[in-house]
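Colleague: Please take me through this model one step at a time, and keep the terms simple.

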Amino acid sequence: MRATVDRAGVDSESRTPHVKIRRVRKGDLARVRDVIEQSFGDYFERQLGTRPRQVFNGAQYVHHRWLMEPWGCFVAEENDGKIVGAVIAVMWGTVGLVGPVGVLTNYQNQDIGTHLVRAAHEFFDENKATLSGMVTYPNSPKHLAFYHKFGYKPKGLVAVTSRALERGHAAMPAARSARPALAVRRFSALEEAKKKVMMLKFRKITNGIYRGLDLGKEVEIVDGLALGDTLLLENGRDLVGFAVCHTPGVSEAPAGALYVKFLAVDGAWRRPECFDALVSGLEHFAQESGLHRAILPVYTGYFAAYQGLLERGYQVDFTMVRMKRGKQEDYEDPADFVLDDWR
Ligand SMILES: CC(C)(COP(=O)(O)OP(=O)(O)OC[C@H]1O[C@@H](n2cnc3c(N)ncnc32)[C@H](O)[C@@H]1OP(=O)(O)O)[C@@H](O)C(=O)NCCC(=O)NCCS
C-alpha cells in the first residue's frame with residue numbers, strides 16, 4: 001500500500017527535506033500527544049475498519065514520560081515549526097526502551113521514523129545501554145521490517161491480559177491463613193528516608209533479573225505525580241516483590257482499570273504463592289481505588305507468570321511481539337515472576 005501514501009513536503013533531492021529532529025520541549029507536549037494519538041488512530045482505523053473513539057482508551061504516554069526522561073524524547077519538526085513525528089524513549093538502568101513512536105500518516109515512508117529511532121539509539125548509547133527493545137505488531141510486515149533494519153529481532157509474544165474484578169473478590173494476602181507472614185504495603189505510605197532504602201531493595205531484585213535493570217524512575221514518577229502506587233510484598237523485613245501500578249487519570253491506565261507497568265518477585269522467593277499474593281494485593285488496591293478491572297501485560301517468555309495469570313482467570317485481550325537487540329537478548333528466565341511492559 002506504499003504507493004497510496006501521500007508524500008507531503010517531499011522534493012526531488014531528499015525523502016525528508018525540511019525536517020529536523022530535536023529534543024522535546026515543554027511547550028511541545030500537547031502537540032506530541034496529538035501526533036502520537038493521530039498516527040496510532042490512523043493505524044488502528046486501517047486495521048480495524050473503524051476509528052476508536054479514544055485511541056488508547058484514556059491511557060496517556062507523553063507528559064509523565066517526558067518528565068521522567070526528558071532527554072529520551074524527540075520530535076521531527078518541519079521548517080515552519082510543524083511537528084510531524086515523535087518518539088519517547090526511556091532507560092531502565094542498562095535497558096533502553098523505545099516507544100511509543102509515531103509519524104503522521106501523510107509523512108510516513110519518508111525516513112522520518114528512521115531518524116527518530118536513530119535519535120533514541122544515540123540517547124541509549126550516551127547512557128551505555130546494554131540491551132534495547134520495544135514491542136510492536138506481529139501481523140504488520142511494515143513494523144517488522146522497520147525495526148529489523150536497526151537490528152531488532154522478533155522474540156516472543158507479549159500478552160496484554162486483564163480480568164474483571166467482582167466486588168469483594170480479592171482477599172488481602174495477610175488475611176490468608178496459608179501465608180500469614182506475607183503482607184502488602186504501599187510505597188506512598190513510607191517516610192522519605194525509608195523510600196530511599198526501599199529503592200535499593202527494588203534495584204537488588206531487578207538486578208537479579210537483568211544486570212543493571214533499574215525501575216527507579218518509574219517508581220519515582222508514579223509516587224511524585226500520584227499516578228497510582230507501588231505495592232510492596234513483604235515477609236517481615238524482607239521485600240518479596242513489588243508492583244508499579246497506575247490508576248486512571250493522567251497515567252498509562254485506561255479508563256476504569258488498574259494497569260501494572262512492572263512487577264517482580266525476588267528470585268529467592270519465586271514461588272507461585274508469592275506471585276499470587278502480590279496479584280491479590282494489586283487487585284485489592286484496584287478495588288479500593290473504585291476500579292473494576294486490572295490490566296496485567298505479560299511477556300510469554302516469563303512463562304510461569306503468564307501461566308499464573310491465566311490460572312487466576314486473566315484473559316488475553318490482545319498480543320504484541322517483543323523486539324530486542326543486544327548481547328544478552330534472551331535473558332528472561334521462564335521461572336521468574338516478572339511483568340515488564342515495554343510499551
Ligand atoms: C512505524 C512508523 C513510526 C514508521 O515511521 P516512518 O516514518 O513511516 O518510517 P520510515 O519511512 O523511516 O521507514 C519505513 C520503512 O518501512 C518500509 N515499509 C513500508 N511499508 C512496508 C511494507 N508493507 N512491508 C515492508 N516494509 C515496508 C519502508 O520501505 C521503510 O524502509 P526503508 O527505509 O528501508 O525503505 C509509522 O509507520 C507510524 O507512525 N505508524 C503508526 C504508529 C505506530 O504503529 N507506531 C509504532 C508502533 S510499534
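Modeller: One definition comes before the rest: two strands pair if DSSP finds at least two bridges between them. Note also that this is a predicted model.

Colleague: Which residue in β3 does Glu77 stand opposite?

Modeller: Strand β2 covers residues 73-78 and is joined to β3 by five bridges. Five bridges satisfy the rule of at least two, so these strands count as paired. They run antiparallel. In β3, the residue opposite Glu77 is Ile83.

Colleague: Which residue in the turn of the β2 and β3 hairpin has a positive phi?

Modeller: The hairpin leaves four residues between β2 and β3. One residue of that turn has a positive phi of about 95°, and the residue is Gly81.

Colleague: In β4, what is the bridge partner of Val90?

Modeller: β3 also pairs with strand β4, residues 95-103, in the antiparallel sense over seven bridges. Their hairpin has two residues between the strands, and Gly93 there takes a positive phi near 70°. Across the pairing, the partner of Val90 is Leu97.

Colleague: How many of the 10 residues of strand β3 are buried?

Modeller: A residue counts as buried if 20 or more other C-beta atoms lie within 10 Å of its own. Strand β3, residues 83-92, is mostly covered by that test. Of its 10 residues, the number buried is nine.

Colleague: Which element gives the most to the shell around the ligand?

Modeller: The ligand is surrounded by 22 residues, and the closest are Gln108, Gly113, Thr114, Lys142 and Ala145. Four elements each supply at least two residues of the shell: α1 (29-48), β4, α3 (112-126) and α4 (141-148). With five residues, the element that gives the most is α4.

Colleague: How many residues of the shell around the ligand are polar?

Modeller: The shell is sorted by class. Eight residues are nonpolar and four are charged. The count of polar residues is 10.

Colleague: How far apart do the C-alpha centres of domain 1 and domain 2 lie?

Modeller: The protein chain is divided into domain 1, residues 2-129, and domain 2, residues 161-340. The distance between their C-alpha centres is 29 Å.

Colleague: Which helix gives the most to the side of domain 1 that touches domain 2?

Modeller: Across the boundary, 15 residues of domain 1 are in contact with 17 residues of domain 2. One helix, residues 63-68, gives four residues to the domain 1 side, the most of any element, and this helix is α2.

Conventions: Residues are numbered from 1 along each chain as its sequence is written. This is a predicted model: local features need pLDDT of at least 70, side-chain atom pairs count only at pLDDT 80 or more; totals for chains, interfaces and linings use all residues. A residue is buried if 20 or more other C-beta atoms lie within 10 Å of its own, exposed if 12 or fewer, and partly exposed in between; C-beta atoms are placed from the backbone. A residue is near a molecule or strand if its C-beta atom, placed from the backbone, lies within 6 Å of it. Ala, Val, Leu, Ile, Met, Phe, Trp, Tyr, Cys and Pro count as nonpolar, Asp, Glu, Lys and Arg as charged, and the others, Gly among them, as polar. Domain bounds come from an automatic or database domain assignment. Two residues are in contact if their C-beta atoms, placed from the backbone, lie within 7 Å.
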